[in-house]
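The following exercises concern strand pairing and backbone geometry. Each task is followed by a worked solution.

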Amino acid sequence: MCDPSMTHAMDRFQAARSTTITIRNWAELVQNSADLQSLYTDIPPLTGLTVRSIHLNHFGPCLTLRIDLPEFPQNPPPSWVDAELDQFQFHLEFIAIENLELSGWLPDGRASLELDRHNHNKIFARMESDGFHLSFAASDSILVGHMSAYKALPNGSDSGPRQFVRKLDAKKYDVIPPVYEKTFYEHI
């Protein structure tokens with residue numbers, strides 16, 4: 001026979017483990033956020049994003065989003081100001097991906113990324129827009145990388161010249177490399 005107090009304690013433990021909490025400040029989950037924090041006085045929420053690419057990498061398994069934030073950094077480097085750059089783009093890498101669902105696509109469309117913490121070491125991510133859906137579970141450890149700025153082109157493309165935050169990126173690239181450039185899309 002099972003002790004009723006033990007059953008009640010186990011029920012409370014299970015309820016606590018399955019609690020879902022909406023994440024208010026996504027940057028708190030970013031493990032390498034120093035460069036991002038130096039650019040922004042207030043890091044904007046992940047709303048009104050332009051999703052440029054989604055890269056799946058079976059090593060990990062990982063998912064990397066290349067996105068534009070709708071707000072340009074408050075503290076850009078002087079070279080960005082001198083070049084009159086007005087768009088900010090970066091990669092967000094999620095590891096230990098599970099339960100991936102992806103349908104549709106929104107070329108140059110806007111979407112918001114919602115993150116919820118679940119079971120203290122996992123997050124659920126959701127992104128939806130007209131005809132587009134992306135959702136997955138991942139580790140609650142996110143990486144940010146390949147941060148850059150560029151000038152918006154009239155057609156909405158991000159293919160023009162850009163300047164990167166990190167010196168290695170700046171040395172290797174002055175435009176976004178093609179999607180088969182694994183060192184750019186598979187490594188933050």
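**Exercise 1: Strand 3 and its partners**

In this predicted model, L65 stands opposite L92 in strand 4. Determine which residue of strand 2 L65 faces, and how strand 3 is joined to strands 2 and 4.

*Solution.*

1. Strand 3 and strand 4 run antiparallel and are joined by eight bridges.
2. Strand 2, residues 49-57, is also antiparallel to strand 3, with seven bridges between them.
3. In strand 2, I54 is the residue opposite L65.
4. The connection between strands 2 and 3 is a hairpin with four residues between them, and G60 in this turn has a positive phi of about 135°.

**Exercise 2: The two faces of strand 3**

Assign the residues of strand 3 to its two sides and state whether they are buried or exposed.

*Solution.*

1. One side carries C62, T64, R66 and D68.
2. L63, L65, I67 and L69 point the other way.
3. Buried means under 20% relative accessible area, and eight of the eight residues in strand 3, spanning 62-69, are buried.

**Exercise 3: Positive phi outside glycine**

Compare the settings of E84 and H146, neither of which is a glycine.

*Solution.*

1. Most residues other than glycine have a negative phi.
2. E84, however, has a positive phi of about 60°, and H146 has one of about 50°.
3. E84 is placed in the loop between helix 3 (78-82) and strand 4 (87-95), whereas H146 lies within strand 9, residues 142-150.
4. E84 is exposed, at 55% relative accessible area, while H146 is buried, at 7%.

Definitions and conventions: Residues are numbered from 1 along each chain as its sequence is written. This is a predicted model: local features need pLDDT of at least 70, side-chain atom pairs count only at pLDDT 80 or more; totals for chains, interfaces and linings use all residues. Side-chain values use heavy atoms; hydrogens and water are left out. Buried means under 20% relative accessible area, exposed over 50%, partly exposed in between (1.4 Å probe, protein chains only). Two strands pair if DSSP finds at least two bridges between them.
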